[in-house]
Amino acid sequence: MTTPTPLARAATSAPLEPEPQTPSPLAPRGGRLPRYVPYAVGAASLVFAYLLLLVVASPGIPSVVASAAALYAVAITIVSRVVEGHRWAVDRLATTLVTFAFAVALIPLVSLLWTVGSKGAALFSAEFLTTDMVGVFGDMTSGGVAHAIVGTLAVTATAALISVPIGLLTAIYLVEYGRGRVAKGITFLVDVMTGIPSIVAGLFAFALFTLIMGPAYRSGFMGAVALAVLMTPVVIRSVEEMLRLVPNELREAAYALGVPKWLTIVKVVLRTAVAGIVTGIMLAVARVIGETAPLLITVGILTRSSWNVLEGRMATLPVFAYNQYQQGGVGVDRAWAAALTLILIVMILNLAARMISRVFAPKGAAH
């Protein structure tokens, strides 16, 4: 049996020295700011901005908030630079600017929701949602939007039935099969259609059905065609981007197992991207469900509920709100209540789309 040398015994018994750690590029030179410091700096910025504007001019809430935001960005950067170092100061400044940009972007959304909710709540009720405008004249406070809800859902669903298959198949062709001039031409036409004004789509549907059915023809299907013209390019673009996000390794793995290309697209590609596809379709629906101009000249308005999208005029929420607002008086309150109803419908459709995407998405991807 070989006796270990003293050097070997020392090597096996001595503890290993820990390797020196490379400092992180964001490691502070000094200490870190306590958590309460940003809040204290924010409160001090608000007080200082209010006192400064009180001396210079009459302080208003927007001016005080804007001045306090600018003072906070400067103050927190200086304090962080002194205590934490240059890199953490830059990091805090970038975080502050991004947070302020997000808050500014939320202002129009919150203002819109608050305005519509506060003004629409005056007439919004179960009776408003379940009655129509038959027999309602002048400044009568009765009447509701049941007929407009039926028309909106029918026309939008018909438009989705037209545009979703076309958009989905076109996106699949562009991503999986399209090459050369044909694919480039389709992409160019989709880009052009994305910027078409809504009134142009309405005039297109009006002219098309006037040539086919005559000048007196009005129907929900006519309006659905106009909305499908606006909806199709949005569906194509959103689905195309979602399909391009699917890793090529998944396709290659399916091909290696002998799976045909069409079955790979159906079972692997579409199944992987289903959450994004459903979200894109709902964005397209939200894009067209509130359109007024194309429906005003193709569908018109009606005081009762109509379920036939192939014949006769139909009421829709955007056109109903437009007509009621034009009448003035209690019609303005009906218009705001109709706008609130439209927002709630879009929100319900988005929640339903999220549930559908969670059900059909692959396991581990529906988060």
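This short talk presents the annotated spans, the salt bridges and one threonine of a predicted model.

Good morning. Let me begin with the annotation. For this protein, an unreviewed UniProt entry lists residues 36-57, 63-83, 95-116, 145-174, 186-213, 219-236, 268-289 and 335-353 under "transmembrane region". I shall look at two of these spans in the model. Residues 63-83 are 100% helix and 0% strand, and their end C-alpha atoms lie 30 Å apart. Residues 95-116 are likewise 100% helix and 0% strand, with end C-alpha atoms 32 Å apart.

I turn now to charged side chains. Side chains of opposite charge can pair when their charged atoms come close. How many salt bridges does a search of the whole structure find? The search finds 7.

One of them joins Arg 32 and Glu 84, with an N to O distance of 2.7 Å. Arg 32 sits in the loop between α1 (6-13) and α2 (36-56), while Glu 84 sits in the loop between α3 (61-83) and α4 (86-120), so this pair ties together parts that are 52 residues apart in sequence. As for exposure, Arg 32 has a relative accessibility of 43% and counts as partly exposed. Glu 84, by contrast, is buried, because its relative accessible area is 1% and the cut-off for buried is under 20%.

Glu 84 also forms a salt bridge with Arg 92, where the closest N and O atoms are 2.9 Å apart. Is Arg 92 buried or exposed? Arg 92 is buried, with a relative accessible area of 18%.

Let us move to another part of the chain. Which residues are linked with Arg 237 in a network of salt bridges? They are Asp 191, Glu 240 and Arg 244. Within this network, Arg 237 forms a salt bridge with Glu 240, and their closest N and O atoms are 2.5 Å apart. Both residues belong to helix α9 (residues 220-244); they are 3 residues apart, and therefore about one helical turn separates them. Arg 237 is partly exposed at 23% relative accessibility, whereas Glu 240 is buried, with a relative accessible area of 4%.

Finally, I should like to point out Thr 210. This residue lies in helix α8 (residues 198-213). Its relative accessible area is 24%, so Thr 210 is partly exposed. Thr 210 and Met 222 are 12 residues apart in sequence, and their C-alpha atoms are 9.9 Å apart in space.

Thank you for your attention.

Methods. Residues numbered from 1 in each chain as written. Predicted model: local features only at pLDDT ≥ 70, side-chain atom pairs only at ≥ 80, totals over all residues. Heavy atoms only, no water. UniProt positions renumbered as here; feature names shortened; annotations may be inferred. Helix = DSSP H or I, 4+ residues; strand = E, 2+ residues; numbered from the N terminus. Buried < 20%, exposed > 50% of the residue type's maximum accessible area, 1.4 Å probe, protein only. Salt bridge = Lys/Arg side-chain N within 4 Å of Asp/Glu carboxyl O.
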